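Subject: Structure handover

Hello,

Here is the structure for you to look at. My notes come after it.

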Amino acid sequence: MSAPERTQLQSPETRRAEHSHGGPLQVGNAPVSISKAAQASGVSAKMVRHYESLGLLGQVGRTDSGYRQYTSADVHTLRFIKRARTLGFSMAEIAELVSLWRDRQRASAHVKQIAQRHVAELQARIEAMQAMRRTLQSLLQHCHGDERPDCPILDDLANH
């Protein structure tokens, strides 16, 4: 039995429990409210509205009374965005990646270039953080941490 078939046989309570433990919450073909789209994607309703305002979801449908209605494609896009955020991509990079993801004529070289640039940025940040750690470790080694008022940590902060 496939995962979608198993999900269809599960009760709503089982699906909610599975979702709260990391399993996917299924969204059918019918549009859903923002709260259900948020739950299904693992993104807060506030962030769903934010991503919509940035144009990452395209045109979101509305009911006659003005309530937002999200399709399964919208929820899939929200999951895509969440994963990209987890990997540390900026919102500008995510917008570009979403656009490329939707473009079936895209060149994968462009996607790879974005990812390579992001890896290089991550590496630079890691190196900068490692340098900060080394500096702080050195300062800690020189600090007596006792009742004396002199403190090489404060001296370093004051002199730079």
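The notes below go from the chain as a whole to one helix pair, one residue and the cysteines.

Please keep in mind that this is a predicted model.

Overall make-up

The protein chain has 8 helices and 2 strands. Read from the N terminus, the order of elements is α-α-α-α-β-β-α-α-α-α. The chain has 160 residues, and 21% of them are buried. Of the contacts between residues at least 6 apart in sequence, 42% join residues at least 24 apart.

Helices α5 and α6

Helix α5 covers residues 72–86 and helix α6 covers residues 91–102. Their axes come within 10 Å and cross at roughly 135°. An angle counts as roughly antiparallel over 145 degrees and as roughly perpendicular from 65 to 115, so the pair α5 and α6 is classed as oblique. The crossing of α5 with α6 is right-handed.

On the α5 side, the contact is formed by His76, Thr77, Phe80, Ile81, Ala84 and Arg85. On the α6 side, Met91, Ile94, Leu97, Val98, Trp101 and Arg102 take part. Sorted by class, this contact contains 8 nonpolar, 2 polar and 2 charged residues.

Leu78

Leu78 also lies in helix α5. Its relative accessibility is 0%, so Leu78 counts as buried. Leaving aside residues up to four places away in sequence, Leu78 touches Ala37, Ser41, Val43, Val48, Tyr51 and Leu57. Met47 is 31 residues from Leu78 in sequence, and the C-alpha to C-alpha distance between the two is 9.4 Å.

Cysteines

How many disulfides does a search of the whole structure find? The result is 0. Cys143 is in no disulfide, and the nearest cysteine sulfur to it is that of Cys151, 4.1 Å away. Cys151 is likewise in no disulfide, with the sulfur of Cys143 as its nearest cysteine sulfur. A disulfide requires the two sulfur atoms to be within 2.5 Å, so at 4.1 Å the pair Cys143 and Cys151 does not count as one.

Are these two cysteines buried or exposed, or in between? Cys143 has a relative accessibility of 22% and therefore counts as partly exposed. Cys151 has a relative accessible area of 15% and is buried. The cut-off for buried is under 20%, which is why Cys143 at 22% and Cys151 at 15% get separate labels.

Regards

Definitions and conventions. Residues numbered from 1 in each chain as written. Predicted model: local features only at pLDDT ≥ 70, side-chain atom pairs only at ≥ 80, totals over all residues. Heavy atoms only, no water. Buried < 20%, exposed > 50% of the residue type's maximum accessible area, 1.4 Å probe, protein only. Axes fitted to C-alpha atoms, helices over the stretch in contact; angles between N-to-C directions. Helix = DSSP H or I, 4+ residues; strand = E, 2+ residues; numbered from the N terminus. Parallel < 35°, antiparallel > 145°, perpendicular 65-115°, else oblique. Left-handed = near helix turned anticlockwise from the far one by under 90°. Contact = heavy atoms within 4.5 Å. Nonpolar A, V, L, I, M, F, W, Y, C, P; charged D, E, K, R; others polar.
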